[in-house]
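Visitor: I'm new to this. Could you walk me through the model and tell me how each label is earned?

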Amino acid sequence: MIFKYDFLIIGSGVAGMSYALKVAKAHKGRICLICKTTLDEANTARAQGGIASVTNIIKDNFEKHIEDTMVAGDYISDRAAVEQVVRMGPSQIKELVSWGVNFDKNEEGEFDLHREGGHSEFRILHHADDTGFEIQRGLMEAVRNNPDIEIKENHFAVEIITQHHLGVEVTRRTPDIECFGAYVLNPDTQKVDTYLSKVTVMCTGGCGAVYQTTTNPVIATGDGEAMVYRAKGTVADMEFVQFHPTSLYNPSETHPAYLITEAMRGYGGILKLPTGETFMEKYDERLSLAPRDIVARAIDKEMKIHGIDHVCLDVTHKDPEETKHHFPNIYQKCLSIGIDITKEYIPVRPAAHYMCGGIKVDLNGCSSIKRLYALGECSCTGLHGGNRLASNSLIEAVVYAETASRHSLEHIDEYEFNTLVPEWNDEGTLSNEEKVLITQSVHEVGTIMAHYVGIVRSDLRLKRAWVRLDTLYEETEALFKRVYASRDICELRNMINVGYLITRWAIERKECRGLHFTTDYPHHAYDNK
């Protein structure tokens with residue numbers, strides 16, 4: 001079937017829903033929001049810590065937030081992007097509140113602000129320890145109540161449509177590549193439909209699921225980055241994968257790993273060995289509040305030195321009732337596996353958490369492909385540089401939804417639907433035997449990335465990953481040509497593409513910067529070999 005929408009939004013986290021609400025306000029055409037599962041399953045909902053913005057102008061200011069972001073990003077960040085996000089942040093917080101999002105307040109009725117690693121001031125707005133879930137809840141309610149937004153759950157975008165599908169040879173040197181929409185898999189018919197659009201917005205979220213252990217949901221398979229890369233669009237900074245230092249170590253539940261928010265260290269949590277000995281003083285003067293890359297590498301090294309599979313986070317010295325009040329969900333989660341965090345250490349270890357790179361965009365969220373925008377974690381705005389400052393991602397998504405909505409609304413009348421686009425060729429079969437091949441290959445990708453392209457890298461490990469991924473790529477592409485398009489084969493293709501991009505970018509960076517640490521080009525104060 002063929003559908004036509006003025007705005008086609010692929011992805012339903014904070015970026016996708018914010019953009020949908022902003023363009024709907026202008027009433028300038030049909031809007032379709034596609035989610036590959038249900039509206040509530042997105043990385044946004046798992047963001048526990050909060051959203052960073054300068055709201056206490058007595059103690060905080062834009063310059064401090066800008067400098068904190070630049071420092072955390074190892075000065076690779078694009079300063080123009082940093083300034084845009086920081087300066088537009090407060091107005092976007094007001095809009096989130098107007099959509100029904102609730103942030104905790106103190107007794108004086110002001111925002112109850114937290115401080116997290118890398119921040120020089122208290123500027124993290126939150127809702128207990130489930131801020132992302134609260135933002136997702138508020139936005140979902142607003143989107144569902146908006147009659148101008150059509151929501152299609154459990155629909156999976158297979159490819160974006162460009163001149164390539166009209167028979168034109170498209171390469172990375174082709175000027176003026178243009179997006180005409182996307183091919184989308186319908187779960188009811190198992191057919192791939194053609195969605196023509198004037199504007200397409202990629203908001204597919206993260207790619208943590210390419211790693212064996214991640215805080216991301218299993219749906220975070222890097223679909224947006226992979227689709228745009230295959231369409232010959234520009235991606236950037238893919239080597240900068242942020243590993244959250246403190247995911248809950250629970251051997252019976254590894255994917256996704258449960259996140260122990262950074263706010264718990266801001267609250268006073270101390271990293272220790274299981275013996276009770278502290279170790280962060282060996283690595284950074286900021287101790288447990290050092291930026292995530294430093295803390296994750298420190299934990300990784302301590303685990304290797306002592307031959308242990310986790311370290312611990314200690315909040316037993318804090319007031320028990322206060323701990324339960326600030327972190328009710330973490331308290332209950334740990335209690336469910338027999339750990340009372342007011343009396344016992346929390347076992348933690350690093351897990352793949354956030355992609356700082358992605359689809360390269362400008363200040364308006366425009367990608368290198370015309371009529372195609374990218375927002376949220378799948379995009380590379382330049383804000384994060386070599387390492388994301390805690391809680392900067394949610395505010396980035398809302399700010400870029402604002403600039404992209406303004407830009408696309410200004411230009412929407414210049415675009416037409418391309419009615420020459422052919423329908424998807426859906427020939428093929430899929431047997432149970434082939435399903436086994438897909439499942440096994442997904443497992444292999446996770447193992448390769450965890451062992452060879454993790455927190456600490458080397459040329460030898462990266463080259464081994466490259467060779468292994470290349471074999472998987474050839475096998476999967478051959479299989480894809482033989483079978484009909486299904487979500488699992490498409491996700492596998494995307495995971496391999498993203499794994500390849502992370503590995504390639506890591507090989508090309510011959511230095512230690514930000515989240516990319518290699519034993520072949522060390523420059524840090526400690527050696528992680």
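**Helix H3 and Met 264**

Guide: Let's start just past a helix: Gly 100 follows H3 and has a positive phi, near 105 degrees. This is a predicted model, where local features need pLDDT of at least 70, side-chain atom pairs count only at pLDDT 80 or more, and totals for chains, interfaces and linings use all residues. Residues are numbered from 1 along each chain as its sequence is written, and side-chain values use heavy atoms, leaving out hydrogens and water.

Visitor: What makes H3 a helix?

Guide: Helices are DSSP runs of H or I with at least four residues, numbered from the N terminus, and H3 (residues 79-98) has 20 residues.

Visitor: How do you know what span to expect for H3?

Guide: Take 1.5 Å times one less than the number of residues. That gives 28 Å for H3, and its 29 Å from first C-alpha to last is close to that.

Visitor: Where does H3 bend?

Guide: At Gly 89, by about 50 degrees, with Pro 90 following within four residues. The bend is the angle between axes fitted to the seven residues ending there and the seven starting there.

Visitor: Why is Met 264 called buried?

Guide: Buried means under 20% relative accessible area, using a 1.4 Å probe and protein chains only. Met 264 has 0% relative accessibility, so it counts as buried.

Visitor: Which residues is Met 264 in contact with, leaving aside neighbours within four places in sequence?

Guide: Contact means heavy atoms within 4.5 Å. Among the partners of Met 264 are Leu 313, Phe 327 and Ile 341.

Definitions and conventions. Buried < 20%, exposed > 50% of the residue type's maximum accessible area, 1.4 Å probe, protein only. Helix = DSSP H or I, 4+ residues; strand = E, 2+ residues; numbered from the N terminus.
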